[in-house]
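Student: I've got a model open on my screen and I'd like a close look at just one part of it. Could you get me oriented before we zoom in?

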Amino acid sequence: MFNKNIKLILAIAVIALAVWQFTENEIGNGIMFILLAAIFVLLYFKNEIIILAFLRLRKQDFPGAQKWLGKISSPEGALTKKQQGYYYYLQGLMVSQTNMTQAEKFFKKAIDLGLSMKTDLAMAKLNLAGIAMTKNRKREAQVLLKEAKSLDKHNMLAEQIKVMEQNMKRAGQQPKQQFGARAGRGGRGGFRR
C-alpha cells in the first residue's frame, strides 16, 4: 500500500517524463505518460483498496472486504481525509454485526472525517441510531434517525428508516420494568408470608 504522497510524486515524475517526450517529438509516448499520470492522480483521490473492499461488500463477502481493508496498515498516512471516512465507515459496517461498541466508534469517526455521498452519511447515522436504540438512548436515536431521514433525499433508505421508526414506537409502548427488591409492609425488603 503506497502512501498518498508517493502517488502524487509518481504523477509529477511521469508528467515530467511526458513533457520530455513531447520535446523530443515522441507525441505517442507523451500521451501515454499523461494517461499514466492521470491514473496516479485518480488513485490519489479514489483509493484502489477501498474500491475493492466496496466491491467485496457489494457481494456480501465480509471476510473478503475485511481482507482488503487489512492491507491498509496506516489509514492516516495512506488515505486522504474522505478516504479515511470511508475506511472507518466500511469497518463499522463489518463490525456492526458482532461488536456494537466498536461499530459505534467507527461510524462516529467516519462521520467526523466526512463522507462524500449523503446516502452513505444517512446510512452511518441510521446505523448509529440503531446502536443507540439498543443501548436505550432513545433521545439520541431519535435525533440520529431524524438526521438520517433528512439526508436521504432519494428515499433509498426509506424502508429501513420506516422499520426503525416502528421499532422505536414499539419500544416506547412497552411497560417500564423495575428491577430490584421492593419494600414490603413494615419497611422490610422481601415478601411476607
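What pattern does the protein chain follow when read along the sequence? After that, please take me closely through helix 3: which of its residues are buried, and what do those buried residues pack against?

Tutor: Read along the sequence, the protein chain runs α-α-α-α-α-α-α-α-α-α. That's ten helices and zero strands, where helices (H or I, at least four residues) and strands (E, at least two) are DSSP runs numbered from the N terminus. Bear in mind that you're looking at a predicted model, in which local features need pLDDT of at least 70 and side-chain atom pairs count only at pLDDT 80 or more, while totals for chains, interfaces and linings use all residues. Residues are numbered from 1 along each chain as its sequence is written, and side-chain values use heavy atoms, leaving out hydrogens and water.

Now to helix 3, residues 48-58. Its buried residues are I49, I50, A53 and L57, with buried meaning under 20% relative accessible area, exposed over 50% and partly exposed in between (1.4 Å probe, protein chains only). They sit on the same side of helix 3, because they cover an arc of only 95 degrees around the axis; the arc is taken from the directions from the helix axis to the C-beta atoms. An α-helix has 3.6 residues a turn, so residues three or four places apart point the same way. The buried residues of helix 3 pack against helix 4 and helix 6, a contact being heavy atoms within 4.5 Å.

Next, look at the two ends. N47 caps the N-terminal end of helix 3, with a side-chain oxygen 2.8 Å from the backbone nitrogen of I49. That's a polar contact, meaning a pair of N or O atoms within 3.5 Å; within protein, one must be able to donate a hydrogen and the other to accept it, and residues adjacent in sequence count only if both atoms are side-chain atoms. After helix 3 comes Q60, with a positive phi near 65 degrees.

Helix 3 also has a charged tie. E48 forms a salt bridge with K7, with 3.2 Å between the closest N and O atoms; the term means a side-chain nitrogen of Lys or Arg within 4 Å of a carboxyl oxygen of Asp or Glu. E48 lies in helix 3 and K7 in helix 1 (residues 4-23), so the pair ties together parts that are 41 residues apart in sequence. The two partners differ in burial: E48 is partly exposed at 24% relative accessibility, whereas K7 is buried at 4%.

Salt bridges turn up elsewhere too, and the structure holds eight of them. One of them joins E147 and K125 at 2.6 Å, N to O. E147 is in helix 9 and K125 in helix 8, so this pair ties together parts 22 residues apart in sequence. Here E147 counts as partly exposed at 30%, and K125 as buried at 13%. Another joins E165 and K149 at 3.0 Å, linking helix 10 to helix 9 across 16 residues of sequence.

Back to the packing. The largest nonpolar core has 40 residues, and I50 of helix 3 is among those with the most contacts inside it, along with L69, Y89, L90 and F107. Helix 3, helix 4 (62-70), helix 6 (81-95), helix 7 (100-113), helix 8 (118-134), helix 9 (138-151) and helix 10 (158-173) each supply at least two residues of this core. A second, separate core of six residues includes V14, A18, A37 and F40. By nonpolar core I mean a set of buried Ala, Val, Leu, Ile, Met, Phe, Trp, Tyr and Cys residues joined through side-chain atoms within 4.5 Å. In soluble globular proteins, nonpolar side chains tend to be buried together.

Want a neighbour of I50 on that list to click on? Try F107: leaving aside residues within four places in sequence, F107 is in contact with Y89, G92, L93, S96, A124, N127, L128 and I131.

Finally, zoom out to the whole protein chain. Of its 193 residues, 35% count as buried. Among contacts with a separation of 6 or more, 54% come from residues 24 or more positions apart.
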